[in-house]
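Let's take a walk through a protein fold, one piece at a time. Have the structure open while you read.

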Amino acid sequence: MDLIDAIRSIDKSHEDDVLNRLTTVWGEQLDKNNVLPEYPRPQLSRDSFINLNGYWEYAFTSNDSDMPEQMDGQILVPFSPESMLSEVERTLQPDEYLWYKKELPILDMPAPGCRLILHFGAVDQIATVYLNGKKVVHHVGGYIPFSVDITDELYSDNNILVVRVEDTTDSSYHNRGKQKLLRGGMYYTAQSGIWQTVWMEWVPSTYITNLYIAPSEDLTTLNLTVYLNNNDKPVTVTVFDDEDMINTQTAAAPRDSNDVSMKLTIADACLWTPDDPHLYDLVITCGKDTVRSYFAMRWFSVEKDDKGIARFCLNHEPYFLNGVLDQGYWPDGLYTAPNDEAFIFDIEEMKRLGFNMMRKHAKVEAARWYYHCDRLGMIVWQDMVSGGTTYAKPVVSYLPTLFPKIFGKMHDGPSHYHIFSRDSAEGRLQWLEEMQETIKTLINVPSIATWVLFNEGWGQFDANDATKLALKMDDTRPIDQASGWFDQHGGNFLSNHNYFRRLKAEKDKFGRAFVYSEFGGLACHVDGHSSVDRVYGYKRYDTLEEFNAAYKELMEKSFLPLGEKGLSGGVYTQVSDVEEEVNGLLTYDRKVCKVKE
């Protein structure tokens, strides 16, 4: 073990830092009059789409009772106020409130009886929404989309939408991922407020509210459920392969249900893989409502190979995962990518470098990122967002990193709630609710292969019970129960982190597949493309030449050969630098790829 590098990787807060003002090419070219114009929900899309991104009024207050009479200025939604692209660059503190205000455009009802649905992609952390002075929805959770029917609160004109936001970041138990008020090391600038697209759409009086889409395990049938707001009209589903119709079916909901379930045969299915990411199109009609969606025929599992070794499998064949960790941060937009092209760039660059999987780390991304993974062919391991109160880092991070066989074996039940920062029963309940909402939100995404429940003990508790609950929500995907350490022997993977030791294949006595869900982290600072001059990473190199030699040695001689010895895959840290953490394959601004061919 490289003890010196391990000690140097201890993260510290640097509240006095002023970060260099890095920008991406997409942020530099941003059309502020047409921000994120694409339909934000590709798997349930309609033609009626009113995008509310753009300039809103904003104000910070210490009082939550009334909207301030005088606003502070304008903010570019959906960029968080902490970000450069928002044009605000101010942190929302835990004892403050952030107010948004916008007059809605003139709204013409397309047909009698239509309803207007207001959608928020994500608001961090606690949002209360008012229309014309009346509260219409209250939502807790900074990563989950939410919607509300606002038809009955509309005026004929001059409709005023107000959003009040609270964000405790890491001062409470709420889920926050890698955000920290005092950023530094592996924790990054906190962000708050609206950070995904805000939009509206008209729907008829009977409309489709959601879908459940899942291929069968034998890859011959598509299981589909269409959820409706009432059951007074039948549903017609048509499947297209390119432009050719290959199946259609009509069914009605039972009298006591608003759900229509059906099975559609997909003959001679073209199976989805990263090399051939084949997607089928769906058109679903109920009365006057029509939505478009898509799906893939594929199956993810853990199965034994011909030598009896548990392996990650794609379409029932062993598939080695060459993965990369993705934090989902941008220097100019923080949590919010400046546009679709930024998403596409990251995915295509990782494919170009030979990766077939991205682990979305401690964040739920905007829906369009998953869509691009689906169509471009990138397997996704999806983390649940971590929460809990202040972490006891020596116990949950430093000692397990140095001595995993000794300090990485702790039980995560009630007797250890305090150690895992999970004393709050309310906080534990919220995490479980958001875990279920995350799975419900993303369950139809073809590229998602695995749910990752806990990472390195950050707010971990009762992982075996959480695994059972996750399986009730979705029994079609494997589960990585505890990534890093504090394994409770459940789920489908023995999932280790290894930054400072020689990599080697291990056999799990519980019959699970073995993965290195984090490794690598080779750090190299690139002048002019880094947030600070300080270097944080797990092994440091002064030049790109030294970095490339070490990277090639690690990947080609240490990591990839372990596939033949029982390793199912791994996740290299990471896609890009983030602030002072300069262990990315790309610089934070995405202007330099450190890997030279």
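Start with two neighbouring strands: strand 26 (residues 357-360) and strand 27 (residues 379-383) run parallel and are joined by four bridges. If you'd like a pair to look for, Lys360 has Gln382 in strand 27 as its bridge partner. Keep in mind that this is a predicted model.

Now zoom out. Both strands belong to an open sheet of eight strands, with parallel pairing, in the order 29-28-27-26-25-34-31-30. At the edges sit strand 29 (479-483) and strand 30 (493-498), each pairing on one side only. From one strand to the next, the twist averages 25°. As for what holds such things together, strands of a sheet pair through backbone hydrogen bonds.

Helices lie across this sheet too. Helix 4 (residues 367-376) lies across strand 25 (321-326), strand 26, strand 27 and strand 28 (448-455), and it runs at about 150° to strand 27. Helix 8 (residues 463-473) lies across strand 28 and strand 29, at about 155° to strand 29.

Next, pick out Val515, which lies in strand 31 (residues 513-520). Is Val515 buried or exposed? Its relative accessibility is 2%, so Val515 counts as buried, the cut-off for that being under 20%. Beyond its neighbours within four places in sequence, Val515 touches several residues, including Trp381, Phe493 and Leu567.

For a contrasting spot, look at the surface: Leu399, Phe403, Ile406 and Phe407 make a nonpolar patch of about 350 Å². Phe407 lies in helix 6 (residues 404-407) and is partly exposed, with a relative accessible area of 34%.

Finally, salt bridges. The whole structure has 34 of them, and here are some, with the N to O distance for each:

| Acidic partner | Basic partner | N to O distance |
|---|---|---|
| Glu201 | Arg41 | 2.9 Å |
| Asp152 | Arg115 | 3.2 Å |
| Glu166 | Arg164 | 3.7 Å |

Glu201, in strand 14 (residues 198-203), and Arg41, in the loop between helix 2 (25-28) and strand 1 (50-51), are 160 residues apart, and their pair links distant parts of the chain. Glu201 counts as buried at 1% relative accessibility, while Arg41 is partly exposed at 21%.

Asp152 lies in the loop between strand 9 (146-149) and strand 10 (160-166) and Arg115 in strand 5 (residues 115-120), so this pair ties together parts 37 residues apart in sequence. Asp152 is exposed, with a relative accessible area of 59%.

Salt bridges can share partners as well: Asp17, Arg183, Arg534, Glu579 and Glu580 are joined into one network that way.

Key:
Residues are numbered from 1 along each chain as its sequence is written. This is a predicted model: local features need pLDDT of at least 70, side-chain atom pairs count only at pLDDT 80 or more; totals for chains, interfaces and linings use all residues. Side-chain values use heavy atoms; hydrogens and water are left out. Two strands pair if DSSP finds at least two bridges between them. Axes are lines fitted to C-alpha atoms, for helices over the stretch in contact, and angles run from 0 to 180 degrees between N-to-C directions. Contact means heavy atoms within 4.5 Å. Patches are made of residues with over 30% relative accessible area and no salt bridge: like charges are joined within 9 Å, nonpolar side chains (Val, Leu, Ile, Met, Phe, Trp, Tyr) within 5 Å. Accessible areas come from the Shrake-Rupley method with a 1.4 Å probe; for residues, only the protein chains shown count as cover. A salt bridge is a side-chain nitrogen of Lys or Arg within 4 Å of a carboxyl oxygen of Asp or Glu. Buried means under 20% relative accessible area, exposed over 50%, partly exposed in between (1.4 Å probe, protein chains only).
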